[in-house]
Amino acid sequence: MTQTTHTSPSAGKQMLSEQVYTHLRDAIMRGDHAPGDALKPQDLAKEQGVSLAVVREALVRVVGEGLADRLPNRGFAVPAFSDRRWQEIAEARRTIEPAMLRMAVERGDVDWEARVRAAHHRLTRTPAYVPEEGEHYSSAWSEAHRVFHRTLLEGCSNPVLLETFDRLWTASELARRWSAHRNPDRDGAAEHRRLEEAALARDADTAAEVLTQHLTQTAAVLADRTHHEPTNEA
């Protein structure tokens, strides 16, 4: 006897919303929508073949991650590339992440050390650029980069702080991808290597200082990009 599994309407809507959310998030991160572009629920619903309710639910999630703005009486839009916005995110990261890294260096165990070493190894072995993804960092490298930074901080063993990191990382990742042109004057690999070495040497002061400098240089690159490219306000 064959059993038939029925999906409830609410479960079906949730699955559709998840699919639309994933599609929209990936499209924004790929740059399919330029900074400041309007995200019109009607157009997205037609494109994806779903209801407005499903699209709006997905848009709310994207807004919650900092990948879109909800504008009063104007709907939704990709964040405009403004210097102030990204400098505020950078300031928050420079305030929180070095403190988390200090805690990680003090609390991390041998398993944490092994994960940090493995994450750094993967990062160094992943190509930052691939021809099919143009001038921006590759998706694989971007994920390896995220995992390395998060693994460094996971030693702090504070889930609330790690959730904060996740939100700030996602918001700053969008700006970093927009500005991720090759910079021959910056040796990011050396910066990551110094981070790993200081953390595994249990040198909290040096690790925090290197991370602060790393985040400061990234913020400076983003600021330089905003000063040379016009902001497309939605």
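The following paragraphs describe the chain as a whole, then its sheet, and then two helix contacts. The structure is a predicted model.

The protein chain contains nine helices and three strands. Read from the N terminus, its elements follow the order α-β-α-α-β-β-α-α-α-α-α-α. Of the 234 residues in the protein chain, 41% are buried. Contacts between residues at least 6 apart in sequence can be divided further by separation: 72% of them join residues at least 24 apart.

The sheet may be considered next. Strands of a sheet pair through backbone hydrogen bonds, in either a parallel or an antiparallel arrangement. In this model, three strands form an open sheet in the order β1-β3-β2, and the pairing is antiparallel. The edges are occupied by β1 (38-39) and β2 (69-71), each of which pairs on one side only. Three bridges connect β2 with strand β3 (residues 75-77), and these two strands run in the antiparallel sense. One pair of bridge partners consists of L71 and G75, the latter lying in β3.

The first helix contact to examine joins helix α2 (residues 41-48) and helix α3 (residues 52-64). Their axes come within 9 Å and cross at roughly 110°. Because angles of 65 to 115 degrees count as roughly perpendicular, α2 is roughly perpendicular to α3. The crossing of these two helices is right-handed. On the α2 side, the contact is made by P41, Q42, L44 and A45, and on the α3 side by L52, V55, R56 and L59. In character, the residues of this contact between α2 and α3 comprise six nonpolar, one polar and one charged.

A second contact involves helix α5 (residues 110-125) and helix α8 (residues 188-200). The axes of α5 and α8 come within 11 Å and cross at roughly 170°. Since an angle over 145 degrees counts as roughly antiparallel, α5 and α8 are roughly antiparallel to each other. Helix α5 contributes W112, E113, V116, R117, H120 and L123 to the contact, while α8 contributes H192, R193, E196, A199 and L200. The residues of the contact of α5 with α8 divide into five nonpolar, two polar and four charged.

The two helix contacts may finally be set side by side. The α2 and α3 pair is roughly perpendicular and includes one charged residue in its contact, whereas the α5 and α8 pair is roughly antiparallel and includes four charged residues in its contact.

Notes: Residues are numbered from 1 along each chain as its sequence is written. This is a predicted model: local features need pLDDT of at least 70, side-chain atom pairs count only at pLDDT 80 or more; totals for chains, interfaces and linings use all residues. Side-chain values use heavy atoms; hydrogens and water are left out. Two strands pair if DSSP finds at least two bridges between them. Helices (H or I, at least four residues) and strands (E, at least two) are DSSP runs, numbered from the N terminus. Axes are lines fitted to C-alpha atoms, for helices over the stretch in contact, and angles run from 0 to 180 degrees between N-to-C directions. Angles under 35 degrees count as roughly parallel, over 145 as roughly antiparallel, 65 to 115 as roughly perpendicular and the rest as oblique. A crossing is left-handed if the near helix is turned anticlockwise from the far one by less than a right angle, and right-handed if clockwise. Contact means heavy atoms within 4.5 Å. Ala, Val, Leu, Ile, Met, Phe, Trp, Tyr, Cys and Pro count as nonpolar, Asp, Glu, Lys and Arg as charged, and the others, Gly among them, as polar. Buried means under 20% relative accessible area, exposed over 50%, partly exposed in between (1.4 Å probe, protein chains only).
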